[in-house]
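The following exercises ask the reader to work through strand pairing, aromatic packing and burial in a single protein chain. Each task is followed by a solution in steps.

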Amino acid sequence: MKKIFIALFLTVVSMSAFAQFEKGTKYVNASLTGFGIDWHKAGGFHLGVGAGAGYFVADQWMVLGQIGWNHQDGANEFNLGAGGRYYMSQNGFFFGCGLRYGLNSAGGDAPVNHNAYLTPEAGYCFYLNDHVSIEPSVYVDMCLNHFKDFTKIGLKVSFGYYF
């Protein structure tokens, strides 16, 4: 009898844990980014913050808009992007890809760079309750017009709210 109650409890908990991935669910997040590697430089100080909002257009499929700021070795980049994510409802893993526009300025007399990025990512949702999650992920910012100078691989930690 005890095994039946435990199995029933685990079934109910696992079913409700991923109800966030249903069509019509809205999503907002704040993220800390930039823990990463550059192709052209070794080391240096990296820091980024971002915010995003999304909407599940179908079960497990979300469209996402993002805005952010990155600081790296004295240069600042402001960015704006859009993309999508696919969530695996069985375990909470997600895979995403998007396009992002970045305006990069080193300040002073340095030229301003206008960059386009292709941004694939993979991550996992750790749910703190039915609505709040911590989402660590690995991403690649592939710069389409200055690949060698601005492409990076990094880690991101997001705090998401599903409603």
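**Exercise 1. Determine which residue stands opposite V49, and describe the pairing of the strands concerned.**

Step 1. In this predicted model, V49 faces W69 of strand β3.

Step 2. Strand β2 (residues 46-58) and strand β3 (residues 61-72) run antiparallel and are joined by 12 bridges.

Step 3. The hairpin of β2 and β3 has two residues between the strands, and Q60 takes a positive phi near 75 degrees there.

**Exercise 2. Characterise the surroundings of Q60, in the loop between β2 and β3.**

Step 1. The relative accessible area of Q60 is 17%. Buried means under 20%, so Q60 is classed as buried.

Step 2. The side chain of Q60 makes a polar contact of 2.6 Å with the side chain of S89.

Step 3. Leaving aside neighbours within four places in sequence, Q60 is in contact with F21, R85, Y86, Y87, M88 and S89.

**Exercise 3. Compare the settings of T33 in strand β1 (residues 26-38) and Q66 in strand β3.**

Step 1. T33 has a relative accessibility of 10% and counts as buried, whereas Q66, at 25%, is partly exposed.

Step 2. The side chain of T33 makes a polar contact with the side chain of N70, at 3.4 Å. Beyond its neighbours within four places in sequence, T33 is in contact with L47, G48, V49, N70, Y139, L155 and K156.

Step 3. Q66 touches A51, G52, N79, L80, G81 and K156, when residues up to four places away in sequence are not counted. The C-alpha atoms of Q66 and N79 are separated by 8.1 Å, while the two residues are 13 apart along the chain.

**Exercise 4. Analyse the aromatic pair of F56 and Y162, and place these residues in their wider surroundings.**

Step 1. The whole structure holds 14 aromatic pairs. In the pair of F56 and Y162, the ring centres are 6.4 Å apart and the planes make an angle of 35 degrees, a tilted arrangement.

Step 2. F56 belongs to strand β2 and Y162 to strand β10 (residues 152-162), so the pair ties together parts that are 106 residues apart in sequence. Both F56 and Y162 are buried.

Step 3. Y87 and F94 also form a tilted pair, with 5.5 Å from centre to centre and 45 degrees between the planes. Y87 is buried, with a relative accessible area of 0%, and F94 is buried at 0% as well. R85 lies over the face of F94, 4.1 Å from the ring centre.

Step 4. One aromatic cluster is formed by F21, Y27, F56, Y87, F94, Y127 and Y162. The largest nonpolar core has nine residues, namely F21, Y27, F56, M62, L64, Y87, F94, C125 and Y162. In soluble globular proteins, nonpolar side chains tend to be buried together.

Step 5. Outside its neighbours within four places in sequence, Y162 has contacts that include Q20, T25, K26, H131, S133 and E135.

**Exercise 5. Identify which side chains of strand β9 (residues 132-143) point to the buried face, and trace the pairing of this strand.**

Step 1. The side chains of β9 alternate along the strand. S133, E135, S137, Y139, D141 and C143 point to one face and are buried, whereas V132, I134, P136, V138, V140 and M142 point to the other and are not.

Step 2. Strand β6 (residues 113-118) pairs with β9 in the antiparallel sense over two bridges, and C143 of β9 is the bridge partner of Y117. R100 lies over the face of Y117, at 4.3 Å from the ring centre.

Step 3. Strand β7 (residues 121-124) is antiparallel to β9, with three bridges; here G123 stands opposite S137.

Step 4. Strand β8 (residues 126-127) pairs with β9 in the antiparallel sense over two bridges, and a hairpin of four residues joins β8 to β9. The bridge partner of Y127 in β9 is S133.

Step 5. β9 and β10 run antiparallel and are joined by 10 bridges. In β10, S133 has G160 as its bridge partner.

**Exercise 6. State how many helices and strands the chain contains, and in what order.**

Step 1. The chain has two helices and 10 strands.

Step 2. Along the sequence, the pattern reads α-β-β-β-β-β-β-β-β-β-α-β.

Step 3. Of the 163 residues, 34% count as buried. Among contacts between residues at least 6 apart in sequence, 53% join residues at least 24 apart.

Notes. Residues numbered from 1 in each chain as written. Predicted model: local features only at pLDDT ≥ 70, side-chain atom pairs only at ≥ 80, totals over all residues. Heavy atoms only, no water. Buried < 20%, exposed > 50% of the residue type's maximum accessible area, 1.4 Å probe, protein only. Polar contact = N/O pair within 3.5 Å; in protein donor to acceptor, adjacent residues only side chain to side chain. Contact = heavy atoms within 4.5 Å. Pairing = 2+ DSSP bridges. Phe/Tyr/Trp six-rings, centres within 6.5 Å; stacked < 30°, edge-to-face > 60°. Lys NZ or Arg CZ within 6 Å of the ring centre and 35° of its normal. Core = buried A, V, L, I, M, F, W, Y, C linked by side-chain atoms within 4.5 Å.
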